[in-house]
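Me: I've got this model open and I'd like a close look at one part of it, with enough of the surroundings to keep my bearings. Could you walk me through it?

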Amino acid sequence: MTGGAPVVFVIDDDPSVRSSLKFLLNTVGLQVESFDSADSFLHKKPPDAPGCLVLDVRMPGLSGLDFQHELARRHIHIPVVFLTGHGDIPMSVRAMKAGAVEFLTKPFRDQDLLDAVRIALERDRARREQEKEVADLQRRYDSLTSREQQVISMLVSGMLNKQIAGQLGTAESTVKVQRSRAMEKMHADSLVDLVRMIEKIKGPSEKAS
Amino acid sequence: MDLRNLIETIPALVLCALPDGSVELANRAWQEYTGSSLQQLSGWVWQTTIHPGDVAKFIDEWTMASAGGKPFQTEARIRRADGQYRWFLIRKALAVTPTRGRESSLRTLIACEDIHERKEAEAKLQDSEILLQAFFENSPNLIFVKDRQSRYLYANKEFKKAFHFTDEIKGKTDDELFSAEQAAAFQAVDRQVLEAGLPTKFEDVVLYEDGQHTRIVQKFPLFNAFGEIYAIGGVVIDITERKQEESARRYSEERYRLVLETANDAVVCIDESSIISFANPATSRIFGYDPTELTGKPLTVLMPEFLRKLHENGFRRYLATGQRHINWQGTELTALRKNGQEFPVEVSFGELARDGHKVFTGFIRDISERKQAEDKLRASERTLRQLTETIPQMLWSAEADGAIDYCNQRVLDYTGLPAEQVHGAGWMKTVHQDDIDKMAQAWTVAVSTGEPFQYEFRCLRAADHTYRWCISSALPLRDQNRRIIKWFGSVIDLHDWKEAQQALRMTQVELARVSRLTTMGELAASIAHEVNQPLTAVTNNSNACLRLLANRSLEPEVLRRALQEIVADGTRASAVIARIRAFIKKAPAEKNELPINEVIEEVLALAGRELYENRILLERQFTAALPLVLADRVQLQQVLLNLIMNGIEAMTAVTNRPRLLGVQSRIDESGDVLVAVRDSGTGLGLEADRVFTPFFTTKANGMGMGLSISRSLVENHGGRLWVTPNSPHGAVFSFTLPAVGGSAA
């Protein structure tokens, strides 16, 4: 599930700018999809491929920054490269804080834009990979029995087999069996590996709650 | 006869003298009188026998008699044996020629007769006359003597002085001295005295030099030794002054009586025992006692109980020591009426000594009403004073001449000065030195003209020792003759208000500046955006081409399309820049008198391509010979272009009806030049009001500035820009511009 080729989404109300950006990005072999407003982008289901947004801050309808918030609200974690005709410092600070990759003032050097887009795409790719890994781990974790999950979480918290057995009211040998089965299912080579995996699963889920 | 014997027979002091005066013989009487022997009496003896004061005269007489043959006679004092001198008449008694002897020489017998007694009587008489004369002359009365024929024999100095006679009046008659009438009156009395032979005394009035005089005249007959009347004497006593005094006294007495009887004040006299001896009619009105009823009663009946002892003690003390224990002129006391009512009085006392006894007079005034009025006034004043002292305002008053005479506590608190330092012109100390001259001048002008006074000045506030803006105002109070009698004023600290006002003004200025800046900033932002869009496109397209070229993969078709876009964007950018330039030029607009139709035609020419490409039907409705408008040509073009382009864009979506753009020029009702741009587009509907708001746009590509800028441009020219719906479709944008006097040719 690596998805297709990366896609750059260009959103600008100005058709000239739109088409020229598309033209420029095409020259380095990037796939471009352009929209005349944020709304029209939101109406389209994004493809399952690494992507980034190239976005004018000042747009009719939803402004660039508002749009950035809206994306966050919808859990769309797509990197954003901002373009602006006349950006000011507070505006750029806000944009960068909200996770913008770059804030470019029009007219910009083409290399700056291409670099920003490349970083954004790489970041999205990495994000996507990480998401995929976590999803894999989660899937493995989900395949464990509830008793196996119980034992693992106790192990991760630093308890010894004997202690776990004591707490669960089972034999230590039983715990040992459950433990090795769970590690096998999780594809964990060691206890340290297992702890790392569990942290990856719990981390994002805790943040999301 | 023997000469010796002869001289002895003469009963006088006799001497026989030789022609040279030397003595030859002296009789016994001589010798006895002088106490000298004959021996001693021989020769020139006169020097020793006659009083030294008489010797010279004696010698003269003797010499003259010898020379002229005149009988010798003189009077001289001869010394007696005891050394006393007595007066003698010395004369030649007999000249003898001796018959015997050879010597024939003349002898003179000199007899000396003692006339001392007579001499003394004469001297006495003379003294008496001098005395009388002195009395007459120094008498304050007029004294005169007239003979039977009324001729003046004598008139004293006072007489002459009274009538201012300077000439001798002796021998003159009344007819010569007085008026005929007056003379007749005098003479009538004279006759009466002559006829009756009796003195008379009467009072008459005679005109003197200095006016009429009243006199008492006494005339009396003067008798001679034979009992006959030989003259009339007169003594006149001038009683004019006495008469006047008497009259004045009588008048005065009458007046006092009248005053006492008609006085509103009670007048009560008491004796040394404080017993009432007199009470005037007013006493009954004031005290309720009949005046006669009071006589003989102690004064204390007119006093309330608590004063009686005090009076008695005080009165006694005064009689004993002469020390007054109350003010005798206008002391306020409490008095008691007959009916027992107490009331306030003002009493003054007088004291008179009569036959060694003191009489005291009291003048008693009922001041009940005055007291009530005073109390009321005091209460009113107190209220007013409380008001002025508690009112949270600074108040003051000034004399008619502008000198401050009162400041309320607020002023004193504010300035921190004691009242006496603010009074007069002391208030000037508190005024800021930059304001003091003008303020003093304004005050002087107000005081001299009576105009209401008002002046803003900086006043030194004691609390924080700072000068604060205050306003002082005053109005004059006038009497019924419109004369200013006082000024009343207030001082208001308007520093905070003034500062607030200042701050408000600053805020407004700041607001205006900020809003202008904001507008400019927003404008700059939008302009940057507007310009950057085509520039970005140009840059992107160019860069893309360069990259393809570097990769040797630039196909001519791609390049052509890119270049087309680059040209279009370049054009667009320059259009924006033209707009910006026009807008920037807005500030110093270069206004000229323009024919509006000509400007419209220019703009239509500019928009020609757009009109053609969008298949717009243009309808010109120009009014010929319109007045000129005073406008900046470029700005006016901007406005027109904006409206026309808006109209065109509004109709791009219209497919089911003609795209009609109407441009009209005419004079409106108020005489302004009106231009209307009418489209048959989609219309503005509910948005009509918002289209002039900056950055509001109905167009996908609009910036939202055009109409906003257009409106400000029109308004800067003194016109209006507004929108109305077109019928049946679209909108009409109209603007007016004031017409210049003339009209276009």
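In which strand of chain B does Arg365(B) have its place? And what lies around that residue?

Reply: Happy to. Keep in mind that this is a predicted model, with an ipTM of 0.73 and a pTM of 0.34.

Your residue first. Arg365(B) sits in strand E15 of chain B, which covers residues 357–366. Is Arg365(B) buried or exposed? Arg365(B) counts as buried because 20 other C-beta atoms lie within 10 Å of its own, and 20 is the number at which a residue is called buried. Setting aside the neighbours within four places in sequence, Arg365(B) is in contact with Asp265(B), Val345(B) and Glu346(B). Val347(B) is worth finding too: 18 residues separate Val347(B) and Arg365(B) along the chain, while their C-alpha atoms are 6.3 Å apart.

Now zoom out to the chain around it. Chain B has 745 residues, 24% of them buried, and contains 22 helices and 28 strands. Take the contacts in chain B between residues at least 6 apart in sequence: 48% of these join residues at least 24 apart. On confidence, the average pLDDT of chain B is 83, and 91% of the residues score at least 70. The stretch to treat with care is residues 512–521 of chain B, where pLDDT stays under 50 and the model has 0 contacts beyond four places in sequence. Where pLDDT is low, the predicted coordinates should not be read in detail.

Strands come up a lot here, so let's go through some from the start of the chain. One open sheet in chain B has 5 strands in the order E2-E1-E5-E4-E3, with antiparallel pairing. Its edge strands are E2 (23–26) and E3 (73–79) of chain B, each of which pairs on one side only. From one strand to the next, the twist averages 35°. Helix H5 of chain B (residues 52–68) packs on this sheet, touching E3 and E4 (85–96) of chain B, and its direction makes about 145° with that of E3(B). At the E2(B) end, strand E1 of chain B (residues 13–17) is joined to E2(B) by 3 bridges, and the two run antiparallel. If you want a pair of residues to click on, Ala17(B) has Val23(B) as its bridge partner in E2(B).

Next, look at strand E10 of chain B (residues 229–238), which pairs in the antiparallel sense with strand E6 of chain B (residues 142–147) over 6 bridges. There, Ile143(B) stands opposite Val235(B). E10(B) also pairs with strand E9 of chain B (residues 211–223), again antiparallel, over 9 bridges, and Val217(B) stands opposite Val236(B) in that pairing. E9(B) and E10(B) make a hairpin with 5 residues between them, and in the turn Gly227(B) has a positive phi of about 75°.

Past Arg365(B), you reach another open sheet of 5 strands in chain B, in the order E17-E16-E20-E19-E18, with antiparallel pairing. E17 (404–407) and E18 (453–461) of chain B are the edge strands, each pairing on one side only. The twist here averages 30° from one strand to the next. Helix H17 of chain B (residues 433–449) lies across E18 and E19 of chain B, running at about 145° to E18(B). Inside the sheet, E19 (residues 466–478) and E20 (residues 484–493) of chain B pair over 9 bridges in the antiparallel sense; Ser473(B), for one, has Ser490(B) as its bridge partner in E20(B).

Then there's the contact between the chains, which takes 20 residues from chain B and 16 residues from chain A. Helices H18 (495–550) and H19 (556–584) of chain B each supply at least two residues of chain B's side. The largest share, 17 residues, comes from H18(B). By class, that side has 9 nonpolar, 8 polar and 3 charged residues.

One last stop is helix H21 of chain B, residues 633–650: its 18 residues reach 25 Å from first C-alpha to last, close to the 26 Å expected at 1.5 Å a residue. Its buried residues include Leu636(B), Val639(B), Leu640(B), Leu643(B), Ile644(B) and Gly647(B). An α-helix has 3.6 residues a turn, so residues three or four places apart point the same way.

Methods. Residues numbered from 1 in each chain as written. Chains lettered and ligands numbered in written order. Predicted model: local features only at pLDDT ≥ 70, side-chain atom pairs only at ≥ 80, totals over all residues. pLDDT = per-residue confidence, 0-100. Contact = placed C-beta atoms within 7 Å. Helix = DSSP H or I, 4+ residues; strand = E, 2+ residues; numbered from the N terminus. Expected span 1.5 Å × (residues − 1). Buried ≥ 20, exposed ≤ 12 C-beta atoms within 10 Å, placed from the backbone. Nonpolar A, V, L, I, M, F, W, Y, C, P; charged D, E, K, R; others polar. Pairing = 2+ DSSP bridges. Axes fitted to C-alpha atoms, helices over the stretch in contact; angles between N-to-C directions.
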